[in-house]
Amino acid sequence: MIKNLIFDFGKVLVDYDFEAFFKKHVPDEERRRNLSPILYNVELQQLLDREVKPFEEIMEEVVDKNKEFEHEIRIFMRLYPEIVTGEVPGMRKLLAQMKEEGYKLYGLTNWCSMVYSTMDRFEIFKLLEGEVISSELHLIKPEAAIYNSLFEKFHLNPQECVFTDDRPENIEGGKALGMDGIVFLNALQYERELRTILDSRNG
């Protein structure tokens, strides 16, 4: 029986837009084109999500390697929370509905310690019973240890959970440990697939 719904944060509960951020703060198109791969790449994102070193220390190393873009990188550091543009349409209403139906709601996100400024800004996060954040544990999805940390922290049985994430590899990581999973596209698609799972498991 499904009792718990687990949510990724970025592109599931809240949206973010690196391109819009860079366009706003770096008006020169050529500089923006050269800066973007420095700041928006898998290696750096994983370093920030895992945060073995503090956010500021990681970013100072990026500055040291890219002195010609120091001004823009420091804008990125200072205004990082602006990358998040708002709640994903329909999700706050749906979470509130699922909570009213008796399901427990939890978060499981790859995000640096700057996530707390985002959580303070948006009401949707108040609907969660709790969350596990990668930078606190220095673990990232789809590593098994971060899912197991969620199960242990909140005493969850993975077979009683449905996890949604916008990245298929993270869904597969959860499925390998016994959770049902939904690759998130939008609120309507998520609810449709969720109801199918609930009907089959709880009917």
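Packed over the buried residues of helix 1 are several elements, including strand 2 (14-16), helix 2 (29-39), helix 3 (42-50) and helix 5 (70-79). The model is a predicted one, and helix 1 itself takes up residues 18-25. Which residues of this helix are buried? They are Phe18, Phe21, Phe22 and His25. These side chains sit on the same side of helix 1, because the arc they span around the axis is only 95°. The spacing fits a familiar pattern: an α-helix has 3.6 residues a turn, so residues three or four places apart point the same way. Turn to the other side of helix 1 and there are Glu19 and Lys24, both exposed. The helix also comes with a cap at its N-terminal end, supplied by aspartate 17. Here a side-chain oxygen of aspartate 17 lies 3.1 Å from the backbone nitrogen of glutamate 19. Glu19 thus turns up twice, with its backbone nitrogen facing the cap and as one of the exposed residues of helix 1.

Next comes a stretch built from strands. Strand 4 (residues 104-109) and strand 5 run parallel, joined by 4 bridges. Put helix 7 (residues 115-121) together with these two strands and the result is a right-handed β-α-β unit. Strand 5 covers residues 130-133, and its side chains alternate: Gly130 and Val132 point one way, Glu131 and Ile133 the other. Are these four residues buried or exposed? All are buried, Glu131 included.

Threonine 109 is a handy place to look at this pairing up close. It belongs to strand 4, and its bridge partner in strand 5 is isoleucine 133. Threonine 109 counts as buried because its relative accessible area is 0%, while the cut-off is under 20%. Setting aside neighbours within four places in sequence, threonine 109 touches Asp8, Phe9, Val132, Ile133, Ser134 and Lys141. Two of these contacts, Val132 and Ile133, are strand 5 residues that point in opposite directions.

Lys141, one of the contacts of threonine 109, also leads into a backbone oddity. The peptide bond from lysine 141 to proline 142 is cis, and its omega is near 10°. Proline 142 lies in a loop, the one between helix 8 (134-137) and helix 9 (144-154).

Two other loop residues deserve a look for their phi angles. Glutamate 51, in the loop between helix 3 and helix 4 (55-65), has phi near 45°, a positive value in a residue other than glycine. Histidine 155 is not a glycine either, and its phi is positive at about 55°. This histidine is found in the loop between helix 9 and strand 6 (161-165). How do the two fare for burial? Glutamate 51 is buried, with a relative accessible area of 8%, whereas histidine 155, at 73% relative accessibility, counts as exposed.

Zooming out, the protein chain has 11 helices and 7 strands. Its C-alpha atoms fill a box of roughly 60 × 30 × 25 Å along the principal axes. The radius of gyration is 18 Å, which agrees with the value near 17 Å that a compact globule of 203 residues would have. Of the 203 residues, 49% count as buried. Among contacts with a separation of 6 or more, 67% come from residues 24 or more positions apart.

Note on methods:
Residues numbered from 1 in each chain as written. Predicted model: local features only at pLDDT ≥ 70, side-chain atom pairs only at ≥ 80, totals over all residues. Heavy atoms only, no water. Buried < 20%, exposed > 50% of the residue type's maximum accessible area, 1.4 Å probe, protein only. Pairing = 2+ DSSP bridges. Right-handed = clockwise from strand over helix to strand, strands pointing away. Arc of directions from axis to C-beta. Contact = heavy atoms within 4.5 Å. Polar contact = N/O pair within 3.5 Å; in protein donor to acceptor, adjacent residues only side chain to side chain. Rg over C-alpha atoms; globule rule 2.2 N^0.38 Å.
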